[in-house]
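Ready for a few exercises with the structure open beside you? Try each task before you read the solution under it.

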Amino acid sequence: MSQPMQRRSPLRTLTRRILMMVCAVLIAVPAAAVGPESTAIVVNAESWASQAVANEYAALRQIPPANIVRLNLGDLSSFEGVSVDTFRQRILRPVLAELERRGLSGQIDCIAYSADVPHTVAIADDFKGKETHKVLTKAASVNGLTYLYQSVLAGDGEYLGLQTNMYARRFKAQPLEPKILPQPPQGFSSQVGWTAQGAPSPALDKPRYLLSCMLAVTSGRGTSVEQALAGLRRSVGADGARPEGTVYILKNGDVRSTTREWAFESTVAYLEQLGVKAKIVNGVVPRGADDVAGVVIGSGNFDWAGSGSTLLPGAIAEHLTSYGGVMRWSSGQTPLSDLMRAGAAGSSGTVAEPYAIQAKFPTPFIHYYYAAGSTLIEAFYQSVLAPYQLLIVGDPLCRPWGQSPELNLALPEAPLSGPVTLRPGGASADVTVKRYELYVDGRRHAQAGPAEPLVLDTTALPDGWHELRLVVVSASAVEQTARWIGWAQLDNTGRTPPKGTGPATVALGEPIALQAQMAEASAIEWYHQGRCIQRTEGPSGQVELDSAQLGLGPAAVQPVGVIEGESVTRIPGEPVELTVTAPPLMEALPAPVEERVPGLRLELDDGSAWRLSRLQGPKDEQQRLGQVAPKGVPFTLEGWLTIETAGLYQVQVPPGASLTVEVNGQRLPHPARSIWRMVPLHLAAGVHHLRVEGRGVDLQRLDVRFGGPGSWPLGERHFSCPASLAGLVETEEGATTP
């Protein structure tokens, strides 16, 4: 257990009270069940992978466009890890401020980070001069600190502890079977506090949280973008399927298994009470099981692909180990991404040495909460007492055992005007309705009890086209939802909204031509994901967008007519829907005739050439590299790459690097050197050639990466070079030191 920390300063106490007062405002706003309307997506706007994952997930889960927050993070020295101060200033505070600016603070329960948002946070700066136990290691996950946002913003360091999560379900021993009695599952709300007994409370002094996870990790040891998208599609299809599979709990002598063994039998018993099959199996992974609905693994290294077992859609699969959540390419032990690649809807792992502390990992009861109808993200946080280090990746809204009420709605004939009474219907007989909620353009507008009508006052909204959502919430403890979504034209002043046109599809990197007109407008604005991206003056106009602004995947761009007078009125038109497809396929080249070996060809300006195993390679090779190629010497790196399966790959170039990168003789885009270049490559199966020219660069520190899946320093993992080259460091046999 941790040793006592220093007493909280009066300033930090005041800061915490102010935060509590801000949160108190939210209590007046009715809480929404966890769902698309209460989920925000955070995107690294300078990463094509981050945009692609966010776009696909938003479309799959019907996340409102206003719930997507884009951050410019390309100038960070690392897109994998940041300091706690940087996290506060560049990620957490901007996200919360933008949600407040958009009027969404009162309804967001979950913040889901897309790929290439830093997943690890160094927190040592928050603990200077403080005494902490060695098991409270000073690295945290981005979602763990987001969940514990109140303490992180206050800077009081209380997030570093083993019982910080009051929403987690408690449990106690009992003389009866099952031996462990867990608290029943409980639906989450960010707008209430939580008592030490795990009960929601309106009291100002009770901590509040924000559910959080990452949708995917596609760099380092992560999956490919295509694997991530396929996994999200699979998990969405699992909702309500009530899979006829088995939850497998692996038992062995490893401390990673024995740490959680106390809950194995009780977990099986509670799952069986819910009609879900569960089994305790001796070993590391289940063998030859084609019905894995969930799995608890306790081993640092395992080979899921070689187990012959199959994860069913919607399955939570996780393992208690030291480095399962350390996603940098250089880490050991099996990463959580191996389970995501195998089809898990969600997995987790710590981002630093956890010392096999149970409180830092989900208890096996995670599968009980999941099977009782909780969303995936609720199941995770109900089972973890100390989430600050736990990286959670997957689909937060997946709910395979959900029983959603049915819903239908017939709108009056459009356009709508004045007060409009909406009468929802179609609720299932076996589901009790708790309330109905009405959303306009993603914001909660009204709510009503199960027997009450909902009234939409269209006069309080501008004329034009608006997205309407009717959400029905069940009266169960884990509040489950269903929704009707549609577009309606409002007309109280006789103004005709703008009409926009554009292409149905466009390749990434190609321009997008959009047109719109509105007779009364003094200007036309174009909106995408809650932000204005272009404006033209006058009643009609044409804009040309860079498709990279929208990102790969489905997109909707909404024209808005601006009428300027004593006040400014904006009239939204119907969105123009389009899809940004992969960039053109790069055809393979003829294979070189000379014999090749793994590695890169390094040529210096004096004409000398060497075989380099990889950038950031072995220590003795790095020392030799510093001798033959001191910082600033012009160089060329070349490598041949054999692609087995056509698809999307990527090159990543760090900020500040004065480099020219070519693939198959085609120069890659070169934006400002102050940001990371994340360049997607659509490669055909076969052989490809990469060439990097540099000047004024320190080769010993250069971090150019290639990947798909993940991303790794250029070198022998993917590339080959002529066998005739001498290695920088030779063994007796003449080969480059491994």
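The expected span of a helix is 1.5 Å times one less than its number of residues. Keep that rule at hand for the first two exercises, and bear in mind that this is a predicted model.

**Exercise 1. Compare the end-to-end distance of helix H3, residues 84–101, with the span expected at 1.5 Å a residue, and then find where H3 is kinked.**

Step 1. H3 has 18 residues, so its expected span is 26 Å.

Step 2. The end C-alpha atoms of H3 are 24 Å apart, and this agrees with the expectation.

Step 3. Now look along the helix: at Arg93 there is a kink of about 35°, shortly before the proline Pro94.

Step 4. Next come the buried positions, where buried means under 20% relative accessible area. In H3 these are Val84, Phe87, Arg88, Ile91, Leu92, Val95, Leu96, Glu98 and Leu99. A general point helps in reading such a list: an α-helix has 3.6 residues a turn, so residues three or four places apart point the same way.

Step 5. Finish just past the helix, where Gly103 follows H3 with a positive phi near 75°.

**Exercise 2. Repeat the span check for helix H2, residues 48–61, and decide whether H2 is largely enclosed or largely open.**

Step 1. With 14 residues, H2 should span 20 Å at 1.5 Å a residue, and its end C-alpha atoms are 20 Å apart, which agrees.

Step 2. Twelve of those 14 residues are buried, so H2 is largely enclosed by the rest of the structure.

Step 3. Among the buried residues of H2 are Trp48, Gln51, Asn55, Glu56, Tyr57 and Arg61.

Step 4. After H2 comes Gln62, with a positive phi near 55°.

**Exercise 3. Work out the strand order of the open sheet of three strands, and say which strands stand at its edges.**

Step 1. The order is S24-S26-S29, and the pairing is antiparallel.

Step 2. Strands S24 (499–501) and S29 (540–546) each have a single partner strand, so they stand at the edges and one side of each has no neighbour in the sheet.

Step 3. On average, neighbouring strands here are turned by 20° against each other, direction ignored.

Step 4. Zoom in on S26, residues 511–517: seven bridges join this strand to S29. To check the register, find Ile512, which stands opposite Leu545 in S29.

**Exercise 4. Describe the side-chain pattern along strand S34, then list the strands that pair with strand S36.**

Step 1. As a general rule, side chains in a regular strand alternate between the two faces of the sheet. S34 does alternate: Leu600, Leu602 and Leu604 point to one face and are buried, while Arg601 and Glu603 point to the other and are not buried.

Step 2. S34 and S35 (residues 609–612) pair antiparallel over four bridges, with Glu603 opposite Ala609. Four residues separate the two strands of this hairpin, and Gly607 in the turn has a positive phi of about 90°.

Step 3. S34 (residues 600–604) also has four antiparallel bridges to S36. Here Arg601 stands opposite Glu638, and Glu603 has Thr636 as its bridge partner.

Step 4. S36 is joined to S41 (residues 686–694) by nine antiparallel bridges, Gly639 being partnered by Leu690. Two antiparallel bridges link S36 to S44 (residues 719–722), where Leu641 has Phe719 as its partner.

Step 5. Eight of the nine residues of S36 (residues 635–643) are buried, so this strand is largely enclosed by the rest of the structure.

**Exercise 5. Find the largest pocket and the largest cavity, and name the element that gives most to the lining of each.**

Step 1. The largest pocket has a volume of about 1,500 Å³. Its lining has 48 residues, and Pro65, Ala66, Asp441, Gly442 and Gln558 lie nearest its centre.

Step 2. S30 contributes the most to this lining, with six residues. H2 from Exercise 2 is one of the elements that supply at least two.

Step 3. The whole structure holds five cavities of 30 Å³ or more. The largest cavity contains about 140 Å³ of space and is lined by 19 residues, with Leu215, Ala216, Gln227, Ala228 and Met340 nearest its centre.

Step 4. H6 (225–236), H9 (337–341) and S17 (390–394) each give two or more residues to the lining of the largest cavity. The largest share, five residues, comes from H6.

Notes: Residues numbered from 1 in each chain as written. Predicted model: local features only at pLDDT ≥ 70, side-chain atom pairs only at ≥ 80, totals over all residues. Heavy atoms only, no water. Bend = angle between axes of the 7 residues up to and from the residue. Buried < 20%, exposed > 50% of the residue type's maximum accessible area, 1.4 Å probe, protein only. Pairing = 2+ DSSP bridges. Axes fitted to C-alpha atoms, helices over the stretch in contact; angles between N-to-C directions. 1 Å grid on protein atoms, 1.4 Å probe; cavity = no way out; pocket = protein on both sides within 12 Å on 5 of 7 lines; lining within 4 Å. Points joined across faces, edges and corners; volume = space filled by probe spheres on them.
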